[in-house]
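Me: I have a sequence and a model on my screen. Could you walk me through it, please?

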Amino acid sequence: MIIETVFSTINEMGTPNFAPMGIEWNGDVVFVRPFRDTQTCRNLYTGGYGVASFSDNVLAYVQCCLYGEVLEHFPASSIPGVVMKEACTWLELAVTSQGGDDRRAEFQCRVLYKGRHREFLGFCRASNSVIEAAIMATRLDFLDPKKVVEHLNHYMKIVDKTGDEKDKQAIHLVREYIRKREAL
Ligand SMILES: Cc1cc2nc3c(=O)[nH]c(=O)nc-3n(C[C@H](O)[C@H](O)[C@H](O)COP(=O)(O)O)c2cc1C
(Lines give C-alpha, C1' and ligand atoms only; values in the text may rest on other atoms or scores of the structure.)
Protein backbone atom coordinates (compact mmCIF):
# COMPACT_ATOMS: atom_id res chain seq x y z
CA MET A 1 0.00 0.00 0.00
CA ILE A 2 1.25 3.46 -0.87
CA ILE A 3 0.55 6.24 1.61
CA GLU A 4 0.72 9.85 0.46
CA THR A 5 2.95 12.14 2.52
CA VAL A 6 4.59 15.55 2.37
CA PHE A 7 8.25 14.59 2.11
CA SER A 8 10.95 17.00 3.24
CA THR A 9 14.68 16.92 2.61
CA ILE A 10 17.51 19.43 2.79
CA ASN A 11 20.24 20.13 0.26
CA GLU A 12 23.98 20.51 0.95
CA MET A 13 23.46 24.15 1.97
CA GLY A 14 20.73 23.16 4.44
CA THR A 15 17.91 24.60 2.30
CA PRO A 16 14.68 22.70 2.92
CA ASN A 17 12.57 21.19 0.14
CA PHE A 18 9.02 19.88 0.39
CA ALA A 19 7.25 17.63 -2.12
CA PRO A 20 4.38 15.14 -1.93
CA MET A 21 5.73 11.58 -2.19
CA GLY A 22 4.04 8.22 -1.77
CA ILE A 23 5.77 5.91 0.67
CA GLU A 24 5.53 2.22 1.55
CA TRP A 25 5.77 1.85 5.31
CA ASN A 26 6.28 -1.42 7.11
CA GLY A 27 7.35 -1.21 10.77
CA ASP A 28 10.75 0.48 10.90
CA VAL A 29 11.29 0.34 7.14
CA VAL A 30 10.09 2.88 4.59
CA PHE A 31 10.52 2.88 0.80
CA VAL A 32 10.33 6.14 -1.14
CA ARG A 33 10.53 6.27 -4.94
CA PRO A 34 11.24 9.77 -6.29
CA PHE A 35 11.78 10.34 -10.01
CA ARG A 36 15.44 11.02 -10.69
CA ASP A 37 14.80 14.58 -11.90
CA THR A 38 13.29 15.70 -8.58
CA GLN A 39 15.03 17.75 -5.90
CA THR A 40 13.87 15.17 -3.37
CA CYS A 41 15.87 12.50 -5.19
CA ARG A 42 19.00 14.68 -5.36
CA ASN A 43 18.74 15.57 -1.66
CA LEU A 44 18.27 11.95 -0.60
CA TYR A 45 21.42 11.03 -2.54
CA THR A 46 23.54 13.84 -1.18
CA GLY A 47 22.14 14.05 2.35
CA GLY A 48 20.78 10.60 3.10
CA TYR A 49 17.93 11.82 5.31
CA GLY A 50 14.26 12.70 4.88
CA VAL A 51 11.05 13.31 6.81
CA ALA A 52 7.67 11.90 5.77
CA SER A 53 4.87 14.06 7.22
CA PHE A 54 1.24 12.95 7.38
CA SER A 55 -1.01 15.94 6.95
CA ASP A 56 -4.67 16.66 6.25
CA ASN A 57 -3.79 20.04 4.74
CA VAL A 58 -4.24 19.39 1.02
CA LEU A 59 -3.55 23.03 0.20
CA ALA A 60 0.01 22.46 1.44
CA TYR A 61 0.32 19.45 -0.89
CA VAL A 62 -0.59 21.64 -3.85
CA GLN A 63 1.57 24.57 -2.79
CA CYS A 64 4.76 22.53 -2.50
CA CYS A 65 4.02 20.18 -5.39
CA LEU A 66 3.04 22.65 -8.12
CA TYR A 67 4.38 25.98 -6.84
CA GLY A 68 7.64 24.92 -5.13
CA GLU A 69 6.67 26.52 -1.81
CA VAL A 70 8.86 26.00 1.22
CA LEU A 71 6.25 25.15 3.85
CA GLU A 72 6.47 26.35 7.44
CA HIS A 73 8.64 23.93 9.37
CA PHE A 74 10.71 23.18 12.46
CA PRO A 75 13.93 21.15 12.93
CA ALA A 76 13.68 17.35 13.03
CA SER A 77 14.78 15.88 16.34
CA SER A 78 16.95 12.94 15.27
CA ILE A 79 18.32 13.82 11.82
CA PRO A 80 19.54 16.83 9.82
CA GLY A 81 16.18 17.82 8.35
CA VAL A 82 12.92 19.66 8.88
CA VAL A 83 9.33 18.73 9.70
CA MET A 84 6.30 20.38 8.12
CA LYS A 85 4.82 22.58 10.89
CA GLU A 86 1.28 21.37 10.22
CA ALA A 87 2.13 17.65 10.27
CA CYS A 88 -0.24 15.54 12.36
CA THR A 89 2.41 12.83 12.69
CA TRP A 90 5.76 12.28 11.01
CA LEU A 91 8.61 9.82 10.45
CA GLU A 92 12.26 10.88 10.53
CA LEU A 93 14.19 8.67 8.12
CA ALA A 94 17.77 7.68 7.32
CA VAL A 95 18.55 6.13 3.93
CA THR A 96 19.97 2.62 4.29
CA SER A 97 20.21 1.56 0.63
CA GLN A 98 19.56 2.87 -2.87
CA GLY A 99 18.32 1.29 -6.08
CA GLY A 100 15.66 1.82 -8.72
CA ASP A 101 15.89 2.25 -12.47
CA ASP A 102 16.85 4.96 -14.96
CA ARG A 103 13.72 7.04 -14.36
CA ARG A 104 12.94 6.42 -10.75
CA ALA A 105 15.15 5.88 -7.73
CA GLU A 106 14.21 3.69 -4.79
CA PHE A 107 15.49 4.54 -1.33
CA GLN A 108 15.10 2.12 1.51
CA CYS A 109 15.04 4.04 4.79
CA ARG A 110 15.05 3.25 8.48
CA VAL A 111 12.65 5.07 10.81
CA LEU A 112 14.76 6.80 13.47
CA TYR A 113 11.99 8.77 15.16
CA LYS A 114 8.17 8.95 15.10
CA GLY A 115 6.69 12.34 15.94
CA ARG A 116 3.10 13.24 16.78
CA HIS A 117 1.18 16.49 17.20
CA ARG A 118 -2.45 15.42 16.81
CA GLU A 119 -4.68 12.80 15.28
CA PHE A 120 -4.97 12.53 11.51
CA LEU A 121 -8.71 12.35 10.93
CA GLY A 122 -8.49 11.23 7.31
CA PHE A 123 -9.37 12.74 3.98
CA CYS A 124 -12.92 13.60 2.86
CA ARG A 125 -14.02 13.22 -0.78
CA ALA A 126 -12.96 16.78 -1.54
CA SER A 127 -9.44 16.33 -0.18
CA ASN A 128 -9.09 13.06 -2.10
CA SER A 129 -10.13 14.91 -5.24
CA VAL A 130 -7.53 17.63 -4.64
CA ILE A 131 -4.82 15.00 -4.18
CA GLU A 132 -5.86 13.20 -7.39
CA ALA A 133 -6.00 16.49 -9.30
CA ALA A 134 -2.53 17.45 -8.04
CA ILE A 135 -1.09 14.08 -9.10
CA MET A 136 -2.71 14.54 -12.52
CA ALA A 137 -1.14 18.01 -12.80
CA THR A 138 2.33 16.49 -12.35
CA ARG A 139 1.68 14.13 -15.30
CA LEU A 140 0.47 16.53 -17.98
CA ASP A 141 3.33 15.49 -20.27
CA PHE A 142 1.92 11.95 -20.57
CA LEU A 143 -1.84 12.57 -20.44
CA ASP A 144 -4.42 13.33 -23.12
CA PRO A 145 -5.41 17.01 -22.60
CA LYS A 146 -9.11 16.16 -23.22
CA LYS A 147 -9.05 13.59 -20.44
CA VAL A 148 -7.28 16.08 -18.15
CA VAL A 149 -10.13 18.59 -18.61
CA GLU A 150 -12.77 15.90 -18.06
CA HIS A 151 -11.13 14.67 -14.87
CA LEU A 152 -10.45 18.16 -13.58
CA ASN A 153 -14.13 19.11 -14.03
CA HIS A 154 -15.15 15.98 -12.15
CA TYR A 155 -12.78 16.73 -9.26
CA MET A 156 -13.94 20.36 -9.16
CA LYS A 157 -17.59 19.28 -8.86
CA ILE A 158 -16.77 17.07 -5.88
CA VAL A 159 -14.79 19.83 -4.17
CA ASP A 160 -17.61 22.28 -4.83
CA LYS A 161 -20.19 19.96 -3.25
CA THR A 162 -18.23 18.59 -0.30
CA GLY A 163 -15.13 20.71 0.33
CA ASP A 164 -14.26 23.55 2.70
CA GLU A 165 -12.57 26.82 1.79
CA LYS A 166 -9.08 25.29 1.90
CA ASP A 167 -10.08 22.50 -0.52
CA LYS A 168 -11.60 25.10 -2.85
CA GLN A 169 -8.48 27.26 -2.73
CA ALA A 170 -6.35 24.15 -3.41
CA ILE A 171 -8.35 22.95 -6.44
CA HIS A 172 -8.34 26.50 -7.80
CA LEU A 173 -4.52 26.50 -7.62
CA VAL A 174 -4.40 23.14 -9.42
CA ARG A 175 -6.75 24.48 -12.12
CA GLU A 176 -4.60 27.61 -12.55
CA TYR A 177 -1.48 25.48 -12.89
CA ILE A 178 -3.10 23.26 -15.53
CA ARG A 179 -4.59 26.28 -17.31
CA LYS A 180 -1.14 27.89 -17.65
CA ARG A 181 0.44 24.64 -18.85
CA GLU A 182 -2.28 23.60 -21.26
CA ALA A 183 -3.96 26.91 -22.11
CA LEU A 184 -7.42 25.65 -21.02
C1 LIG B 1 -0.02 12.89 -3.73
C2 LIG B 1 1.21 12.95 -4.58
C3 LIG B 1 2.12 11.90 -4.54
C4 LIG B 1 3.30 11.93 -5.29
N5 LIG B 1 4.19 10.90 -5.21
C6 LIG B 1 5.35 10.95 -5.91
C7 LIG B 1 6.31 9.89 -5.81
O8 LIG B 1 6.12 8.89 -5.11
N9 LIG B 1 7.47 10.03 -6.52
C10 LIG B 1 7.72 11.15 -7.30
O11 LIG B 1 8.80 11.23 -7.90
N12 LIG B 1 6.82 12.13 -7.42
C13 LIG B 1 5.65 12.07 -6.74
N14 LIG B 1 4.75 13.10 -6.85
C15 LIG B 1 5.08 14.27 -7.69
C16 LIG B 1 6.08 15.19 -7.00
O17 LIG B 1 5.57 15.63 -5.74
C18 LIG B 1 6.36 16.42 -7.88
O19 LIG B 1 6.99 16.00 -9.07
C20 LIG B 1 7.21 17.47 -7.18
O21 LIG B 1 7.19 18.64 -7.96
C22 LIG B 1 8.64 17.04 -6.95
O23 LIG B 1 9.27 18.11 -6.26
P24 LIG B 1 10.81 18.23 -5.98
O25 LIG B 1 11.50 18.37 -7.33
O26 LIG B 1 10.92 19.48 -5.15
O27 LIG B 1 11.24 17.00 -5.24
C28 LIG B 1 3.55 13.07 -6.12
C29 LIG B 1 2.63 14.11 -6.18
C30 LIG B 1 1.46 14.06 -5.43
C31 LIG B 1 0.49 15.20 -5.51
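Me: Which residues does Val174 touch, not counting residues up to four places away in sequence?

Reply: Happy to help! This is a predicted model, where local features need pLDDT of at least 70 and side-chain atom pairs count only at pLDDT 80 or more, while totals for chains, interfaces and linings use all residues. Residues are numbered from 1 along each chain as its sequence is written. Counting a contact when C-beta atoms, placed from the backbone, lie within 7 Å, Val174 touches Val62, Leu66, Val130, Ala133, Ala134 and Ala137.

Me: Where does the largest nonpolar core lie?

Reply: A nonpolar core joins buried Ala, Val, Leu, Ile, Met, Phe, Trp, Tyr and Cys residues through C-beta atoms within 7 Å; buried means that 20 or more other C-beta atoms lie within 10 Å of a residue's own, all placed from the backbone. The largest one has 49 residues, and Val174 is among those with the most contacts inside it. Domain 1 (3–116) and domain 2 (125–182) both give residues to this core, so it lies between them; the bounds come from an automatic or database domain assignment.

Me: Which strand pairs with E4 over 6 bridges?

Reply: Strands here are DSSP runs of at least two residues, numbered from the N terminus, and two of them pair if DSSP finds at least two bridges between them. Strand E1 (residues 3–10) pairs with E4 in the antiparallel sense over 3 bridges, with Val51 as the bridge partner of Ser8. The antiparallel partner of E4 over 6 bridges is strand E7 (residues 89–100).

Notes. Buried ≥ 20, exposed ≤ 12 C-beta atoms within 10 Å, placed from the backbone. Contact = placed C-beta atoms within 7 Å. Helix = DSSP H or I, 4+ residues; strand = E, 2+ residues; numbered from the N terminus.
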